Amino acid sequence: MAERIRCRYPNDTIVQYQTGEQILSETIRPDILLLDIRMPGMDGMEAARRLRQAESDMIIIFVTAMEDYVFRAFDVGAFHYLVKPFSDEKLYEVLARAVRKRQERAAPAAPPGGGEVPALVIKSGGRHFSVPIRDIVYAEVFDRKVIIHTMHSDIEYYGKMKELEERAGSDFFRPHRSYLINFQYVRKYDAGTIWLEKGQVLMAKQNYRQFVKSYLRYNQRGGRE
């Protein structure tokens, strides 16, 4: 498979690893990692879990014949899960999306069509604020108020979470009735908690499967639409 990738991306550095331990021992790790589950020693799922703890932005694509691990792949924030056998076209399609996502992470996001960045205008403390939607890390409901958390400020106002959810769009998810999170700022999660770049929120048990499916779709389309 390395030769197939090298033919498509001749100017990129392609490194092959034999074990999960070898990947973990490297001081310089790949931006995009294609990882099998069945490997000598540590399996790919455990290697991915440890890598995710240290490298939150690494794009991990599982390439395996083991279909029954797909939901565990979501738990480590996998970008995609390729089940062998698959065509060159499918491989190149997934890689192209992964490369686009990596490039978008490295550059500031531009609004569609070069227009203004979509923003939420709210009234708080007698003043009006314009908050770019992409800057919202998460929002929460408390005592009839919505509190918006960005990386640099917290703004509260009287409003309804449902209206904010509809305005925010598909880059956001409501894992619990009291919270709305921006997928862009997710760093890790489990069945009960989502850790963000700023703060953490609760995950309702019944929403967990839908969360991981929605987060996978977000990753597959290259992040923010």
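Two strands count as paired if DSSP finds at least two bridges between them, and the strands themselves, like the helices, are DSSP runs numbered from the N terminus, with E and at least two residues for a strand, and H or I and at least four residues for a helix. With that in hand, I can say that strand 6 (residues 138-142) and strand 10 run antiparallel and are joined by 3 bridges.

Before going further, please keep in mind that this is a predicted model, in which local features need pLDDT of at least 70 and side-chain atom pairs count only at pLDDT 80 or more, while totals for chains, interfaces and linings use all residues. Residues are numbered from 1 along each chain as its sequence is written, and side-chain values use heavy atoms, with hydrogens and water left out.

Now the overall picture. The chain holds 7 helices and 13 strands, and its C-alpha trace spans about 60 × 40 × 30 Å along the principal axes. Of the 225 residues, 42% are buried, where buried means under 20% relative accessible area, exposed over 50%, and partly exposed in between, with a 1.4 Å probe and protein chains only. Among the contacts in the chain with a separation of 6 or more, 47% are between residues 24 or more positions apart, a contact being heavy atoms within 4.5 Å.

Let me return to strand 10, which belongs to an open sheet of 5 strands in the order 8-7-6-10-9, with antiparallel pairing. At the edges of this sheet are strand 8 (154-158) and strand 9, each of which pairs on one side only. From one strand to the next the twist averages 25°, with axes taken as lines fitted to C-alpha atoms, for helices over the stretch in contact, and angles running from 0 to 180 degrees between N-to-C directions.

Which residues of strand 10 are buried on its two faces? On one side they are Tyr 179 and Ile 181, and on the other Leu 180 and Asn 182, so that both faces of this strand, residues 179-182, are covered. As a general point, side chains in a regular strand alternate between the two faces of the sheet.

Ile 181 is a useful residue to follow across the sheet, since Tyr 138 stands opposite Ile 181, and Ile 181 is also the bridge partner of Phe 173. Phe 173 lies in strand 9 (residues 172-176), which runs antiparallel to strand 10 and is joined to it by 3 bridges, the connection between the two being a hairpin through 2 residues. Further along, 5 bridges join strand 6 to strand 7 (residues 145-149), again antiparallel, and here Ala 139 has Ile 148 as its bridge partner. Helix 6 (residues 161-168) lies across strands 6, 7, 8, 9 and 10, running at about 20° to strand 10.

Turning to another sheet, 3 strands in the order 11-12-13 form an open, antiparallel arrangement. Strand 11 (186-189) and strand 13 (200-202) stand at its edges with a single partner strand each, so one side of each is left without a neighbour in the sheet. The twist in this sheet averages 25° from one strand to the next. Strand 11 is joined by 3 bridges to strand 12 (residues 193-196), antiparallel to it, and Lys 188 has Trp 195 in strand 12 as its bridge partner. Helix 7 (residues 208-220) packs on this sheet, touching strand 11 and strand 12, and its direction makes about 140° with that of strand 11.
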